[in-house]
2 protein chains.
Amino acid sequence: MATRSTKQQGGATEGFDGGRARILDAAARLFREHGYAAVSLRAIAAEAGMQGGSLYHHFRGKEEIVSAVLDLGILRVHEAVDAALAGLPPEASLSDAIHAAAAAHLEALLSHSDHTSANVRIFGQVPARVREGNKTVRRAYEALWSDLLDRAVTAGALRPGLDRRLARRALIGALNATLEWFDPDRMSPAHLATAYADLFLHGILKEPAR
Amino acid sequence: MATRSTKQQGGATEGFDGGRARILDAAARLFREHGYAAVSLRAIAAEAGMQGGSLYHHFRGKEEIVSAVLDLGILRVHEAVDAALAGLPPEASLSDAIHAAAAAHLEALLSHSDHTSANVRIFGQVPARVREGNKTVRRAYEALWSDLLDRAVTAGALRPGLDRRLARRALIGALNATLEWFDPDRMSPAHLATAYADLFLHGILKEPAR
DNA sequence: AAATCTACCTAACGTTTGTTAGGATCGCGA
DNA sequence: TCGCGATCCTAACAAACGTTAGGTAGATTT
């Protein structure tokens, strides 16, 4: 009867697998906006230009969809940060590296894809089984930051008493929280990243205590 | 037939209004754990020791319940931080004040009440109408931090080029994100607050750039 | 040309959802 | 003692939920 509407306007998973990718893009966009439980499979299907039952041709069910969205989200940020660090000139300092990593994280988080922000938003609401499955990918990304901070400590660039795990969590937490208020019309992710890196590297005080 | 089970073991809203308070405590606990849409009114009622339909004697519907939970959550943190600042000795520095405010925020967030953490978790998933209604309370709390940072700037304690709004958001964002990993068995909120205040005041670098 | 496979559709299932209506049971003031 | 509001109950409603079964059109393979 009616030909299927083709609304494929450039999502994050574009290019290599029509149906599956369209579903994941639609799911990510809706999950990000409304949360996990509030988004019905029929809504995802409609956004992807198909009918509710058709999702089961590509996925085993709702949990498998959200699982794929979560994994993809972390992976995208991980790849972006990896690439940014790899592209750094050899003479770059560790401050530069931290700055570059924060910038890449923010860029991927804020402007690139719905998957990344869906991740931050809905991870806490998803069934425990899904959260468990996502843990591996998540830990791998955290390890990247741990390595970075460890190298900085070894190089003697960081303050001696610093708790690296806490610092890593504070930084990533602050970066991810920008999702709740960031407005691309008022500031670029790059500018934001510079300000945040500066904040974390030097603190807010004028006179350093030590 | 069966007498109603009285499961009132010391929630945050305890003491002044049995039914309403029991409902709000139950709702906050469940919202925090599962998100907004995933929690049914019947589940809230069961947790509060009553039947689904009975909620409508106290609230107009689900939106009014979550609205009350959100407002109460912000208010609790606001009051805690207010009290902490008021209790400061007159000779306290502005660094001390920021430390005290962060500590009070974390204490209220992590150990005191489910309302506060439900707030951080579900604010993004709630219907737009509810979010709008919560805005006033939210802005009032942000103003408290803006005042604090403004005073620090006026006193000349902060770095000249600092974007105060960004600093406030980074700090509160990092504090709230502790909800996702904090484990009271491994660290006290007070210790965490000290570490975070230190982190934000002095940064992570050993050698200050300026 | 026949058979197979892929990608979707339609229609239905049992359950759960928010919400409403119409009682019960109780303590308290008159 | 009577009535009355407050508090909670039971039972039902239509709508929406995740999921399943079976069918169909078009491309690909044989």
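**An all-helix chain pair with two DNA strands**

From its N terminus on, chain A runs α-α-α-α-α-α-α-α. The model described here is a predicted one, and its chain A comes to eight helices and zero strands. How much of chain A counts as buried? Of its 210 residues, the share is 42%. Among the contacts in chain A with a separation of 6 or more, 69% join residues 24 or more positions apart.

A good helix to look at more closely is α6 of chain A, which covers residues 128-154. With 27 residues at 1.5 Å a residue, this helix should span 39 Å, and its end C-alpha atoms lie 37 Å apart, so the two values agree. The helix does have a bend, of about 40°, at A:K135. Which residues of α6(A) are buried? They are A:V130, A:N134, A:W145, A:L149 and A:A152. In general, an α-helix has 3.6 residues a turn, so residues three or four places apart point the same way. The partners of the buried residues of α6(A) are three other helices of chain A: they pack against α3 (62-86), α4 (94-112) and α7 (164-177).

Beyond the end of the helix, the backbone is worth a glance too. α6(A) is followed by A:G156, which has a positive phi, near 80°. The loop between α6 and α7 of chain A also holds A:R159. Is A:R159 buried or partly exposed? With 18 other C-beta atoms within 10 Å, A:R159 is partly exposed, because a residue counts as buried only at 20 or more and as exposed at 12 or fewer. Leaving aside residues up to four places away in sequence, A:R159 touches B:I204, B:L205 and B:K206. This loop residue thus leads over to the other protein chain.

The contact between the two chains involves 38 residues of chain B and 38 residues of chain A. On the chain B side, the elements that give two or more residues are α7 (164-177) and α8 (189-202). Of the elements, α7(B) gives the most, with eight residues. By class, the side of chain B that touches chain A divides into 21 nonpolar, 11 polar and six charged residues.

How are the two copies related in space? Chain B is superposed on chain A by a rotation of 180° with 0.0 Å of shift along its axis, at an RMSD of 0.0 Å. This is the relation of a two-fold axis. The same surface serves both copies, as 100% of the contact residues of chain B recur in chain A.

The DNA comes next, starting with strand C. There are 17 residues around DNA strand C, and those that come nearest are A:G19, A:Q51, A:G53, B:G53 and B:G61. The surface near this strand has four nonpolar, 10 polar and three charged residues.

DNA strand D likewise has 17 residues around it, of which A:S40, A:G53, A:G61, B:G19 and B:G53 come nearest. Which elements give two or more residues to the surface near DNA strand D? They are α2 (41-47) of chain A together with α1 (18-34) of chain B. In terms of class, the surface near DNA strand D divides into three nonpolar, 11 polar and three charged residues.

Conventions:
Residues are numbered from 1 along each chain as its sequence is written. Chains are lettered from A and ligands numbered from 1 in the order in which they are written. This is a predicted model: local features need pLDDT of at least 70, side-chain atom pairs count only at pLDDT 80 or more; totals for chains, interfaces and linings use all residues. Two residues are in contact if their C-beta atoms, placed from the backbone, lie within 7 Å. Helices (H or I, at least four residues) and strands (E, at least two) are DSSP runs, numbered from the N terminus. Ala, Val, Leu, Ile, Met, Phe, Trp, Tyr, Cys and Pro count as nonpolar, Asp, Glu, Lys and Arg as charged, and the others, Gly among them, as polar. Copies are superposed by least squares on the C-alpha atoms of residues with pLDDT of at least 70 in both. A residue is near a molecule or strand if its C-beta atom, placed from the backbone, lies within 6 Å of it. The expected span of a helix is 1.5 Å times one less than its number of residues. The bend at a residue is the angle between axes fitted to the seven residues ending there and the seven starting there.
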